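Colleague: I'm new to this one, so could you walk me through how a few of its labels were earned?
Modeller: Sure, have a look first and then ask away.

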Amino acid sequence: MKNKTLQIRLLSFFLPIFLFLIVLALLKILPFGDKTLLSLDLNSQYLTFFSYLKEIVHDPSAIFYSFSKTLGGENFGLITYYCLSPLNFISLFFSTKYLPIAITIIILLKIGLAGFSFNYFIDNKKYTSLLFSTSFALMSFLVTYYSNLPWLDSIILLPIIAKGIDKLISQSKPLLYIVALAFSIIFNYYIGFMLCIFSFIYFLYKLILSESLSKNQLYKIFINYFLSSLLVVGLSSIILIPTYYSLQSNKQILDLNRFEFKLNMSLIDLISKLIIGSFDFNEIIRGLPNIFCGSLIILCNFMYFSSTSRSKKEKLISILILLIFIVSFMIQPLNLVWHGFSNPNWFPFRYSFIFSFFLIYFGYHGFVDYQNNNYNKKIYFTLTFTYMIIISFLFTQAYAYLNNTKIVITLLIIFTAFIIFLINKPKYLFIIVAIELTLNVYLILKELKFESFTEYKNFVNQYQPLIDKANELDNGFYRLEKTNYRSHNDPLLLSYNGISHNSSAETNKTRYYLSSILGYSSEDNWAHYNSGTTYSNDSLLSVKYLLTSEDLSIGYENIVDVNGIKLYKNMYALPLGVVVSEKVYQSDLQEFSWFSNQNSIWKSLSSNYSLDIMQHLEIGEIILHDLTQINNDTLTFNSNGENPFIEIKINPLKHSPIYLYMNSSNEKQVEIFANSQFIGNYFTYGQHQVLRIGEFDTNEDLTIRIQLLEDSLSIDYLNIFYQDMDIFNQYYREITNDVFEISNLKQGYISGNINASKDGIMMLNIPYDQGWKVKLDGKPIDTNSSLNLFLSFPIEQGTHTISLYYLPRGIIKGVTISLISIFALIIFLKKNN
């Protein structure tokens with residue numbers, strides 16, 4: 001029997017992996033082709049964060065802070081949200097270039113573990129249990145949302161939590177429940193929150209169904225569950241408390257205005273998601289719950305609810321469980337509660353895998369009743385044929401993710417399974433389930449766009465040597481950026497201090513400052529360094545090295561050129577810390593006044609100068625081609641030909657870099673050309689801010705062409721500026737008189753000294769954060785925010801040592817509570833025994 005159990009457990013692990021590999025082979029995905037499983041957030045975020053894990057191994061302080069995202073910021077929230085799954089550490093054994101292989105292995109292992117955990121939960125010694133564990137491992141939710149890798153850990157742990165609750169109720173053994181739920185929170189606190197709700201629902205469900213319990217026994221079980229749940233919170237406090245402070249800084253945790261009553265869907269909409277392959281890409285953005293887990297599961301549910309061996313009480317409570325989720329799907333405020341009182345950005349109904357779990361769980365019990373012939377055939381037949389009629393009704397409905405072929409396939413599978421049950425040949429169900437689940441996985445994955453392994457490796461091979469070259473040239477603090485990018489998280493992927501970043505755990509303040517005050521591209525959760533940055537911004541933010549295919553000259557030295565990508569050194573990059581004027585505490589910076597803000601910033605830094613470095617250029621002649629201007633106030637144009645564009649004549653006043661900014665209340669994409677050379681797109685997602693036109697000499701003819709790509713264009717205002725490099729040089733020479741000389745540099749620790757020639761303000765160009773603890777000459781000192789962002793403190797004339805280290809708020813409290821909880825758990829278990 002033990003050998004058979006082991007065989008079943010091993011099959012529960014390997015069978016879903018085998019079926020998933022078949023789909024990878026059909027779609028020519030790694031290891032069977034050049035495509036990788038890199039898609040959606042897995043491609044743009046998780047891949048880069050796994051690469052960053054190597055940085056943590058070399059520098060443990062990197063778990064708390066990173067300079068590889070938006071000027072630098074608290075990193076603990078990112079690590080706890082994205083990276084704490086134990087399987088993620090497989091990526092440490094692969095170089096950055098081969099990370100897609102590591103991710104493929106991780107996904108396959110997690111799929112296998114999901115099957116294994118469900119099989120362990122139902123603990124059935126028959127091979128037919130594989131029908132249900134495989135359905136769980138390859139349910140639509142897992143396949144659709146696989147790109148959010150930490151969520152898969154929650155799916156794996158869900159059956160273990162349920163098993164732990166069973167043991168807590170029946171055997172007064174709470175350890176499995178405590179450990180499983182605590183780890184689910186530690187691995188991903190977000191989905192862990194949903195599993196906490198699940199644990200309470202499942203606990204009440206099993207308690208109500210428990211027979212022959214006295215009031216005293218019920219009381220003891222309740223106390224046991226309550227104390228166990230408290231210990232879960234205590235054990236995971238090392239994650240929860242710092243994360244709470246991080247979310248408090250970054251996001252509004254609870255907003256009652258979000259609780260707007262509305263219906264998300266109808267019941268027939270929900271039923272449409274029980275069709276094979278009921279998915280397209282839009283379902284990830286704003287779709288319906290992904291609840292498909294196989295037609296067999298639905299038929300077995302009909303057996304369960306027509307069972308003659310189960311009480312009405314059990315069936316009513318089970319129906320109530322399903323209704324809780326159906327109502328939560330349909331009513332927006334309840335849906336919001338499941339998501340931690342925050343509307344999800346893409347990937348809707350993130351708790352729907354729990355509904356699938358209950359469907360599979362009830363279906364498993366229905367199958368057991370079928371094997372024991374304990375079900376009412378008339379009721380079962382009625383439910384099955386009614387369901388097929390409802391499915392047939394979907395022929396008359398219009399869903400983008402459905403077609404008649406998918407509906408016909410589903411009906412055929414239902415009918416075939418029904419016949420197999422009727423003739424009592426359950427072994428043939430393995431063929432039906434394997435075919436349906438494999439086909440469903442195929443239909444889902446073929447809707448996604450996957451990164452090419454070759455293209456990914458070429459990107460790493462192209463940029464990594466140039467980044468390594470910069471590291472060879474400079475071992476001090478600097479930032480490096482690129483004007484071409486693979487994702488907004490390239491700094492984390494390729495391990496350099498950058499500005500671009502995208503994650504749900506990012507600080508809004510820094511991102512918003514970059515976009516609203518300095519003029520960098522930004523949308524949603526990301527900020528991006530692009531070709532629109534100004535030289536003065538590069539200097540302010542210590543962007544000392546730049547990778548670009550553009551030609552730069554003023555203030556930039558070309559270090560090396562590899563395959564058209566040039567590594568430039570910025571001769572005007574400020575060091576990490578400088579002594580500046582006290583005016584940095586009184587600077588008047590206005591949102592979206594990007595050029596005037598740069599003037600204000602440099603005037604605030606200086607004690608001696610008050611000239612503008614960014615100066616307005618007068619627009620000369622404006623020529624319209626195939627356009628009619630219909631409104632002079634907002635420069636509104638309509639196309640009246642096949643090649644509509646606007647030409648603007650400019651006369652540069654100095655040899656200088658020139659920039660353009662336009663604003664429109666009705667943005668429509670255009671292309672920008674300078675003297676017939678393409679500069680970039682404008683009014684696109686992420687590009688409606690400052691755009692660098694190029695460097696031009698005095699009296700050089702400059703014609704800017706705005707090429708319309710649509711029938712009309714409305715421009716509220718258009719500004720063209722140049723940066724006066726002579727004036728800028730004066731500012732730079734003064735400000736770099738007193739600089740911070742770094743002796744020890746890590747992600748979360750910096751030390752060094754400075755010889756200040758005057759009293760002033762020591763400004764470090766890293767964002768102000770209460771987590772930074774600063775010592776001046778060995779004594780703690782209070783810090784402030786200067787220029788509305790940067791970490792600063794007063795300093796007197798003379799030589800000083802400075803050290804600073806980063807510690808996330810709440811980390812000491814969290815560690816303390818978790819340690820206390822471990823001792824409390826030991827005592828609790830001893831008393832429980």
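Colleague: How many disulfides does the structure hold?
Modeller: The count is 0. This is a predicted model, and a disulfide needs a pair of cysteine sulfur atoms within 2.5 Å.

Colleague: Sticking with cysteines, why is C83 called buried?
Modeller: Buried means under 20% relative accessible area, and C83 has 1%, so C83 counts as buried.

Colleague: And what makes C196 partly exposed?
Modeller: That label covers the range between under 20% and over 50%. C196 comes in at 29%, so partly exposed is what C196 gets.

Colleague: Where is S581, and is S581 buried or exposed?
Modeller: S581 is in the loop between β10 (577–580) and α25 (594–605). Its relative accessible area is 10%, and the cut-off for buried is under 20%, so S581 is buried.

Colleague: Which residues is S581 in contact with, leaving aside neighbours within four places in sequence?
Modeller: Those are S604, L605, S606, S607 and I761.

Colleague: What makes the pair S581 and K583 a polar contact?
Modeller: A polar atom of the S581 side chain lies 3.0 Å from the backbone nitrogen of K583, and the limit is within 3.5 Å.

Colleague: Why is strand β19 called largely enclosed?
Modeller: Because 6 of the 6 residues in β19 (residues 691–696) are buried.

Colleague: How do you know that β16 and β19 pair?
Modeller: Pairing takes at least two bridges, and 5 join β16 (residues 656–663) to β19, running antiparallel. One of the bridge partnerships is I658 with G694 in β19.

Note on methods:
Residues are numbered from 1 along each chain as its sequence is written. This is a predicted model: local features need pLDDT of at least 70, side-chain atom pairs count only at pLDDT 80 or more; totals for chains, interfaces and linings use all residues. Side-chain values use heavy atoms; hydrogens and water are left out. Helices (H or I, at least four residues) and strands (E, at least two) are DSSP runs, numbered from the N terminus. Buried means under 20% relative accessible area, exposed over 50%, partly exposed in between (1.4 Å probe, protein chains only). A polar contact is a pair of N or O atoms within 3.5 Å; within protein, one must be able to donate a hydrogen and the other to accept it, and residues adjacent in sequence count only if both atoms are side-chain atoms. Contact means heavy atoms within 4.5 Å.
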